[in-house]
Amino acid sequence: MDACGSPPPVKRNRQSPTDNEDSVGIRAVLSDEYNEIALIKVHSCQLETKQQLQSVIQELSQKLPRLQHLKRVHDRNVLICPTSDIGDAETLEEHLQRYAFSTNVLRALCHQVKVVEVPARMPKLRVQYEQMIQHWPCKFHPNHYSESLRNGSNFSISQRIFHKRMAQLLARLSRDVNKDRPVGICVDPRQSSIVSIAGTSESYSAHGHEHCSMLLVDFVARSQQGGALKSDLSFVEDGEKAETTLRGLPKAYYDYLKKNEAYQDLKFGAEVSRKCQPQQQVLLNADHSQGADNLTKYGPYLCTGYDVYLLQEPCLMCSMAFVHSRAKRIFFLRPSDNGALVTRFQLHAVKELNHHYEVFQFTTDGSLT
Ligand SMILES: [Zn+2]
């Protein structure tokens, strides 16, 4: 398998880490449901009199209850059913006869039938709603958080500054420590503390483990007394009675940051894993979507509640690894040819998965690369 992303040619940039902070933006990568105005074709009829309205709506809502996100009647036009519900070999009237409508209602439904295009689903954002109602009135439940993701107001100023700093750190670590290859950083956002750092490595050549995301997940597991990969890297040792553990941090990255004055204020370490009782472990597995709440209650478990920062958009294998390890949010800096979050696919938008993380992409004017 190809490694996650092939890094583009690197332009050297010797500015200090804070010089170009304003050149970094953050955008939420939202699924198509937040962007598209999807329409479907629906049969509609026109009522001859207002008196028909009550009986028609009553029978339709009992017998053809779909289209609940739409206003069923608009200007005496009534939505009956999507055209896709009608078989190739039948007419609308034949289709409706299956549902045993009363004679009067059936006649009303077959009067001045036409096909109209209406919203396929309820809008997620106000901007979609305003466009969708041009086609047909629909329901809309405004969601403040969804709107904030779209307009970028979901992060506080201090959170935004931290995220941007991580973007700069990715570029810097890649350039100075990992020979311009991809790197990833895992952070516990409750303390803004760096739990683990990993870089794409030639020394893990089998089974795709050279991808920095796979290594990162494994190094996070090291901070929880786990970790499956044999490593020839040196990791930071914990002092006696340490309240946090640095075991997920390879020494090369940690030493580089500790020696650099610009990074003296960075926090490192993961909360020490508390041994769960079997009962708690079952609860935790069943309740993993609670993210940071579980992190507080049970202590670290894989990447639950953790944020992941990646230089390159992860491939499908790595994106799935973050689903399995329950990451909270993924931030990445550069799109990858085989990326599975925005370039080829939107893994985080697949409803059938049992865990979903949020995805953000850093946007830059190029000065970070
Ligand atoms: Zn990968």
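Two strands count as paired when DSSP finds at least two bridges between them. The strands themselves (E, at least two residues) and the helices (H or I, at least four residues) are DSSP runs, numbered from the N terminus. With that in hand, look at F331: its bridge partner in strand 13 is F360. Strand 12 (residues 329–334) and strand 13 (residues 358–364) run parallel and are joined by 4 bridges.

Please keep in mind that this is a predicted model, in which local features need pLDDT of at least 70 and side-chain atom pairs count only at pLDDT 80 or more, while totals for chains, interfaces and linings use all residues. Residues are numbered from 1 along each chain as its sequence is written.

**The chain as a whole**

The protein chain has 11 helices and 13 strands. Of its 369 residues, 35% are buried. Here a residue is called buried if 20 or more other C-beta atoms lie within 10 Å of its own, exposed if 12 or fewer do, and partly exposed in between, with C-beta atoms placed from the backbone. Contact between two residues means that their C-beta atoms, placed from the backbone, lie within 7 Å. Among contacts between residues at least 6 apart in sequence, 63% join residues at least 24 apart.

**The 7-strand sheet**

Strands 12 and 13 belong to an open sheet of 7 strands, in the order 1-13-12-11-6-7-9 and with mixed pairing. Strand 1 (24–28) and strand 9 (267–268) stand at its edges with a single partner strand each, so one side of each has no neighbour in the sheet. Helix 6 (residues 157–176) packs on this sheet, touching strand 1, strand 6 (183–188), strand 7 (193–199), strand 11 (307–312), strand 12 and strand 13. The direction of helix 6 makes about 150° with that of strand 6; such angles run from 0 to 180 degrees between N-to-C directions, and axes are lines fitted to C-alpha atoms, for helices over the stretch in contact.

Q361 is found in strand 13. Leaving aside neighbours within four places in sequence, Q361 is in contact with R27, V29, F332 and V342. Q361 and L333 are 28 residues apart in sequence, yet 5.9 Å apart in space, C-alpha to C-alpha.

**Helix 7 and the core**

Which helix gives the most to the largest nonpolar core? First, the core: a nonpolar core is a set of buried Ala, Val, Leu, Ile, Met, Phe, Trp, Tyr and Cys residues joined through C-beta atoms within 7 Å. The largest one has 52 residues, of which L170, I185, C186, L216, V220, V308 and I330 touch the most other members. Helix 7 (residues 212–222) gives the most to this core, with 8 residues. Apart from this core lies another, of 15 residues, including V42, L60, L70 and C81.

In helix 7, 11 of the 11 residues are buried, so the helix is largely enclosed by the rest of the structure. These buried residues pack against strand 6, strand 7, strand 11 and helix 11. Helix 7 runs at about 140° to strand 7. With helix 11 (residues 316–324), helix 7 packs at an angle of about 20°, the axes being 8 Å apart. That makes the two helices roughly parallel, a term for angles under 35 degrees. Their contact is made by S213, M214 and V217 of helix 7 and C318, A321 and F322 of helix 11.

I330 touches V308, L310, F322, L341, Y357 and V359, not counting residues up to four places away in sequence.

**The 4-strand sheet**

A further open sheet has 4 strands in the order 3-4-2-5, with antiparallel pairing. Strand 3 (73–74) and strand 5 (114–119) stand at the edges, each with a single partner strand, so one side of each is left without a neighbour in the sheet. Strand 3 pairs with strand 4 (residues 77–82) over 2 bridges, and H74 stands opposite N77 in strand 4.

**Three residues side by side**

R76, in the loop between strand 3 and strand 4, has a positive phi near 70° without being a glycine. R326, in the loop between helix 11 and strand 12, is not a glycine either and has a positive phi of about 70°. The table sets out their surroundings, along with those of Q361.

| Residue | Burial | Other C-beta atoms within 10 Å |
|---|---|---|
| R76 | partly exposed | 14 C-beta atoms within 10 Å |
| R326 | buried | 24 C-beta atoms within 10 Å |
| Q361 | buried | 21 C-beta atoms within 10 Å |

Definitions and conventions:
Angles under 35 degrees count as roughly parallel, over 145 as roughly antiparallel, 65 to 115 as roughly perpendicular and the rest as oblique.
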